[in-house]
Amino acid sequence: MVAMSLRHAMLGLLADQPASGYDLMKRFESSLSNAWPATQSQVYGELGKLTKAGLLEVAAEGPRGRKEYSVTDEGRAELHRWLTETPPSTVRRSDALLRVFFLNHLTPVEATAYLISEAERAAGHHRALEEVERNVDWGDDALSVNGRLALEYGLRFTAMREEWARWAAEELRKARQR
């Protein structure tokens, strides 16, 4: 089984409080989207699968077919099993880093430009995360506390990527001078 999945993200969000598909999408957009993005069709499709599997149930039905979903005991058990027994997957493939191995096939100017563009991409992502930090109405609830932890990871990671790419560009410059 995949260590992180939409299924577990949805179980985690719904374990905090029941929600409709629309409300769940809003929670995704305001919390998980930087770590685990999902489209509306993916969320609604997964709601059906989770309900059919007995991990969710329809807790209430409203006007225009609006359904509010809640986690069943089986769903809470699956979330707990995933959190405690399934090691997290780590990304082992990086298209950006793979290209670094072949920078010698570019001109020095192109290779440096690539690394600087990677630094700028990381800086842009860092600024976007800083914007999230400023604009989210953080509370003391578990999702806010844990969301701040995940956001800090993203801030540190993007800062490291930018710093590394600028360092690597400078290393290329020094190597050309030798």
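Strands are DSSP runs of at least two residues, numbered from the N terminus. The views below show a predicted model.

**Figure 1. Leucine 56 in strand β2 of the predicted model.** Strand β2 comprises residues 56-61, and leucine 56 belongs to this strand. With a relative accessible area of 2%, leucine 56 is buried, as the cut-off for burial is 20%. Beyond its neighbours within four places in sequence, leucine 56 contacts Leu11, Leu14, Leu47, Leu50, Thr51, Tyr69, Ser70, Val71 and Thr72. One of these partners, valine 71, lies 15 residues away along the chain, yet the C-alpha atoms of leucine 56 and valine 71 are separated by 4.5 Å.

**Figure 2. Threonine 72 in the loop between β3 and α4.** The relative accessibility of threonine 72 is 10%, so this loop residue counts as buried. When neighbours within four places in sequence are set aside, the contacts of threonine 72 are Gly54, Leu55, Leu56 and Glu57. Leucine 56, the subject of the preceding view, is thus shown here from the side of its partner threonine 72.

**Figure 3. Helix α4 and its buried face.** Helix α4 covers residues 73-85. Its 13 residues should span 18 Å at 1.5 Å a residue, and the C-alpha atoms at its ends are indeed 18 Å apart. Gly75, Glu78, Leu79 and Trp82 are the buried residues of α4. Viewed down the helix axis, the buried residues of α4 fall within an arc of 100° and therefore line one face. They pack against α1 (6-16) and β3 (67-71). On the face of α4 turned away from the buried side are the exposed residues Asp73, His80 and Glu85.

**Figure 4. Helix α1, a mostly covered element.** Of the 11 residues in α1, 8 are buried. These are Leu6, His8, Ala9, Met10, Leu11, Leu13, Leu14 and Ala15. Among them, Leu11 and Leu14 are in contact with leucine 56.

**Figure 5. Packing of α1 against α4.** The description of two packed helices rests on the angle between their axes and the distance between the axes. For α1 and α4, the angle is about 120° and the axes are 10 Å apart. The two helices are therefore oblique to each other, and their crossing is left-handed. From α1, the contact is made by His8, Leu11, Gly12 and Ala15. From α4, Gly75, Arg76, Glu78, Leu79, Arg81 and Trp82 take part.

How values were computed:
Residues are numbered from 1 along each chain as its sequence is written. This is a predicted model: local features need pLDDT of at least 70, side-chain atom pairs count only at pLDDT 80 or more; totals for chains, interfaces and linings use all residues. Side-chain values use heavy atoms; hydrogens and water are left out. Helices (H or I, at least four residues) and strands (E, at least two) are DSSP runs, numbered from the N terminus. The expected span of a helix is 1.5 Å times one less than its number of residues. Buried means under 20% relative accessible area, exposed over 50%, partly exposed in between (1.4 Å probe, protein chains only). The arc is that of the directions from the helix axis to the C-beta atoms. Contact means heavy atoms within 4.5 Å. Axes are lines fitted to C-alpha atoms, for helices over the stretch in contact, and angles run from 0 to 180 degrees between N-to-C directions. Angles under 35 degrees count as roughly parallel, over 145 as roughly antiparallel, 65 to 115 as roughly perpendicular and the rest as oblique. A crossing is left-handed if the near helix is turned anticlockwise from the far one by less than a right angle, and right-handed if clockwise.
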